[in-house]
Amino acid sequence: MDKKQIRSAVIRKRKEMTPEDISRGTGEILRRLCALPQYLDAEVIYTFVGCKGEVDTSTLILKGLADGKMVAVPRCLGDVMEFFYIGSLDELSPGMMDIPEPVPVPEKQAHEENALMIMPGLAFAPDGGRVGFGGGYYDKFLAAHPDLVKVAVAFSWQIFDSVPTNEFDVPVPVIVTDEEVIYA
């Protein structure tokens, strides 16, 4: 399958998921994620804000804050993505494509290069291949910040035997699902 076919299949499956399916899968994913040394050792976490059938990262955000970690979430500024620190979920409001985003306050912009990056995606492969929505926001951000520790979170049905990639796609070394942790 090409990227367009994969995106279509995954978006269709996400629409079929019930809130209970998302909650149950998210719980297993976050249990595995928070036991990883990458999470335990992180002082700073960059994470997406899950919505529309994605892994619900709100619990991760709250746990990270409760664990004393600095948590930053993305905001799209034109064709680039930047991360901004938040202290609670109340600091988010609907942004691009109705995805919850922080207010872009310059003094809250995250600049840590050794942070843990929790990545979203539509589909992944065991070799670390990733298919997103096609905007290239994460690939551009990761190319500019290569030292970030990358971990993706996904439901097990988002894992394909292989996914098409190109030279601009940044692979993900660790993928945490509701069934396993995959090391690429």
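This text follows the nonpolar residues of a predicted model from its main core to a patch on its surface. Local features are given at pLDDT of at least 70 and side-chain atom pairs at pLDDT 80 or more, whereas totals for chains, interfaces and linings use all residues. Residues are numbered from 1 along each chain as its sequence is written, and side-chain values use heavy atoms, with hydrogens and water left out.

The largest nonpolar core, a set of buried Ala, Val, Leu, Ile, Met, Phe, Trp, Tyr and Cys residues joined through side-chain atoms within 4.5 Å, has 41 residues, of which Leu 33, Tyr 46, Phe 83, Met 117 and Ile 118 touch the most other members. Among the elements that give two or more residues to this core are helix H2 (19-35), strand E6 (116-119) and strand E9 (149-153), helices being DSSP runs of H or I with at least four residues and strands runs of E with at least two, numbered from the N terminus. The largest share, 5 residues, comes from H2.

Leaving aside neighbours within four places in sequence, Leu 33 is in contact (heavy atoms within 4.5 Å) with Tyr 39, Leu 60, Ile 118, Val 151, Val 153 and Val 176. Val 153 lies in strand E9 and is buried, with a relative accessible area of 3%, where buried means under 20%, exposed over 50% and partly exposed in between, for a 1.4 Å probe and protein chains only. Beyond four places in sequence, the residues that Val 153 touches include Ile 29, Phe 48, Met 119 and Phe 124.

Ile 99, by contrast, is partly exposed at 31%, and its place is in the loop between strand E4 (92-94) and strand E5 (100-102).
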